[in-house]
Amino acid sequence: ALGRRRHLELEGATVRAVGDTSWNAPPTERTDERGEFELAVFPAGEYTVVAREGGRAPGIASVVVEPGGEATVALTVSDGGYVTGRIVDAAGRPLAGRVRLEAFEDRGLPDFASDGVAAEAKADGTFALGPLPLGALGIGVSAPRHASRRVEAQVNARGRTVDVGDITLDPGLAI
């Protein structure tokens, strides 16, 4: 069992885990009235576990399940912080594009987690991404006809906004 009876202190949060194997994870679960959850029937391996609730920053953690064993994981769903910036081309012109959380604490995130924390950059290139979990973040930045890029940010306190400034994207390759 994964996450067996671990306290989340938040009723009704959705919890999902994705591993590094080809095994299909069980459907998303919800925390009970005590904020606890249980995901069962996981083969041995490493998993990324994500808890979400409303408009709060997701709780994200990694856990290793040993063969024939159980694992417990603690998740924090909070008000989180924000990352702002502006997407520009090599000449400094603003680009409309997309930003999303791709990594947390130096670990890549599964698509369902990244797509759940994403934002569109306006025509003037500006964006505000969040709420985000507290810690080291890898933010994926993309725009049509330009090469994607990842920028690093550190959000250390709830409600804090970190401005990463201008993010320059190079023209993409044409085939």
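1. Two strands count as paired here if DSSP finds at least two bridges between them. The model is predicted. By that pairing rule, β8 and β9 are joined by 2 bridges and run antiparallel. They form a hairpin with 2 residues between the strands, and E105 takes a positive phi near 55° there.

2. E105 deserves a closer look. The residue is not a glycine, yet its phi is positive. E105 sits in the loop that links β8 (97–104) to β9 (107–108). Is E105 buried, exposed or partly exposed? Its relative accessible area is 42%, and buried means under 20% while exposed means over 50%, so E105 is partly exposed.

3. R145 also has a positive phi, about 65°, and is likewise not a glycine. Its place is the loop between β12 (135–142) and β13 (149–155). R145 has a relative accessible area of 73%; the cut-off for exposed is over 50%, so R145 counts as exposed.

4. Which strands pair with β8? β10 (residues 118–121) is one partner, antiparallel, through 4 bridges. β12 is another, also antiparallel, over 6 bridges. β9 adds 2 bridges, again antiparallel. As for cover, 6 of the 8 residues of β8 are buried.

5. Individual registers in β8 can be checked by eye. R100 stands opposite A118 in β10. A103 has two partners to inspect: G138 in β12 and G108 in β9. Strands of a sheet pair through backbone hydrogen bonds, either parallel or antiparallel.

6. S114 belongs to helix α1 (residues 111–115). How accessible is S114? Its relative accessible area is 0%; the cut-off for buried is under 20%, so S114 is buried. Leaving aside residues up to four places away in sequence, S114 touches R100, L101, E102 and L109. R100 is the residue that faces A118 in β10.

7. On ring contacts, the structure holds 0 aromatic pairs. There is a charge over a ring, however. The charged end of R16 sits over the ring of F112, 4.2 Å from the ring centre.

8. One open sheet has 4 strands, in the order β3-β2-β5-β6, with antiparallel pairing. Its edge strands are β3 (29–30) and β6 (59–65), and each pairs on one side only. Strands β2 (residues 14–19) and β5 (residues 45–52) share 6 bridges and run antiparallel. To check the register, take T14: its bridge partner in β5 is R52.

9. Another open sheet has 3 strands, ordered β11-β7-β14, and its pairing is mixed. Why do β11 and β14 (161–168) each have a side without a neighbour in the sheet? Both stand at the edges, each with a single partner strand, so one side of each is left without a neighbour. Neighbouring strands in this sheet are turned by 20° against each other on average, direction ignored.

10. Within that sheet, β7 (residues 81–88) pairs with β14 in the parallel sense, over 6 bridges. V83 stands opposite V162 in β14.

11. A last backbone point concerns β11. Which residues does a cis peptide bond join? They are G130 and P131, with omega about 5°. P131 falls in strand β11 (residues 126–132), and β11 is one of the edge strands of the sheet.

Definitions and conventions: Residues are numbered from 1 along each chain as its sequence is written. This is a predicted model: local features need pLDDT of at least 70, side-chain atom pairs count only at pLDDT 80 or more; totals for chains, interfaces and linings use all residues. Side-chain values use heavy atoms; hydrogens and water are left out. Buried means under 20% relative accessible area, exposed over 50%, partly exposed in between (1.4 Å probe, protein chains only). Contact means heavy atoms within 4.5 Å. Axes are lines fitted to C-alpha atoms, for helices over the stretch in contact, and angles run from 0 to 180 degrees between N-to-C directions. Rings of Phe, Tyr and Trp (its six-membered ring) pair if their centres lie within 6.5 Å; planes under 30 degrees apart count as stacked, over 60 as edge-to-face and the rest as tilted. A charge sits over a ring if NZ of Lys or CZ of Arg is within 6 Å of the ring centre and within 35 degrees of the ring normal.
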